[in-house]
Amino acid sequence: MRRREGDGCPVAGALQMVGDKWTMLVVRDLAAGARRMTDILDGLYPISSRTLVARLRDMEKDGLVNRKNYGGNPPRVEYKLTERGQLLLPLVEALRETGQALGCNECDDRKKRLGTYCEACPLETEYQPQRAQREDEPDLPLQRRREQDDFTVLL
């Protein structure tokens with residue numbers, strides 16, 4: 001695990017580890033258990049695959065996630081929160097509550113947009129993989145992103 005530079009304060013060190021735009025969202029999406037990179041990518045619109053790969057590598061170096069490579073063709077890699085990474089789950093809950101109190105978003109906003117609550121949401125009863133879209137359904141942001149991001153970087 002990497003030591004953080006700065007003023008030596010634990011708050012500053014923790015913010016250096018989790019203060020970027022995507023880390024806590026990855027933690028949120030891994031709250032229910034191990035997931036493949038493509039599944040994480042699906043839940044984090046509009047993150048690019050390169051940004052997600054970089055973030056997952058940093059989180060692995062920081063001891064927040066474990067990466068398990070199952071091999072095969074195409075390669076199958078899963079990520080799971082470590083015990084250290086699970087220490088961040090109360091922060092995810094606090095951010096959710098703060099976001100609701102400030103009127104930033106409601107859990108139902110995500111449900112309407114993506115079809116599910118996030119993994120850490122108390123309204124989510126169980127993880128359900130995203131189903132294929134029917135032709136008569138409107139485009140979701142995920143389908144538009146997949147058309148634009150025509151490649152996925154694999155670790």
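Biologist: Which residues of α6 are buried?

Modeller: Happy to help, and please keep in mind that this is a predicted model. Buried here means under 20% relative accessible area. In α6, the residues that count as buried are Val 92, Arg 96 and Gly 99.

Biologist: What arc around the axis do the buried residues of α6 cover?

Modeller: Good one to ask next. An α-helix has 3.6 residues a turn, so residues three or four places apart point the same way. Val 92, Arg 96 and Gly 99 are the buried ones, and they lie on the same side of α6 because their arc around the axis is only 70°.

Biologist: Which residues are exposed on the other side of α6?

Modeller: Exposed requires over 50% relative accessible area. On that other side of α6, the exposed residues are Pro 90 and Ala 101.

Biologist: What do the buried residues of α6 pack against?

Modeller: Contact is counted for heavy atoms within 4.5 Å. The partners of the buried residues of α6 are the elements at 23-29 and 107-114, namely α2 and α7.

Biologist: How far apart are the end C-alpha atoms of helix α6?

Modeller: Let's start from its length: helix α6 covers residues 89-101, which makes 13 residues. At 1.5 Å a residue the expected span is 18 Å, and the model agrees, because the end C-alpha atoms are 18 Å apart.

Biologist: How much of the protein chain's contacts with a separation of 6 or more comes from residues 24 or more positions apart?

Modeller: For context, the protein chain has 8 helices and 3 strands. Among its contacts with a separation of 6 or more, the share from residues 24 or more positions apart is 53%.

Technical notes: Residues are numbered from 1 along each chain as its sequence is written. This is a predicted model: local features need pLDDT of at least 70, side-chain atom pairs count only at pLDDT 80 or more; totals for chains, interfaces and linings use all residues. Side-chain values use heavy atoms; hydrogens and water are left out. Helices (H or I, at least four residues) and strands (E, at least two) are DSSP runs, numbered from the N terminus. The expected span of a helix is 1.5 Å times one less than its number of residues. Buried means under 20% relative accessible area, exposed over 50%, partly exposed in between (1.4 Å probe, protein chains only). The arc is that of the directions from the helix axis to the C-beta atoms.
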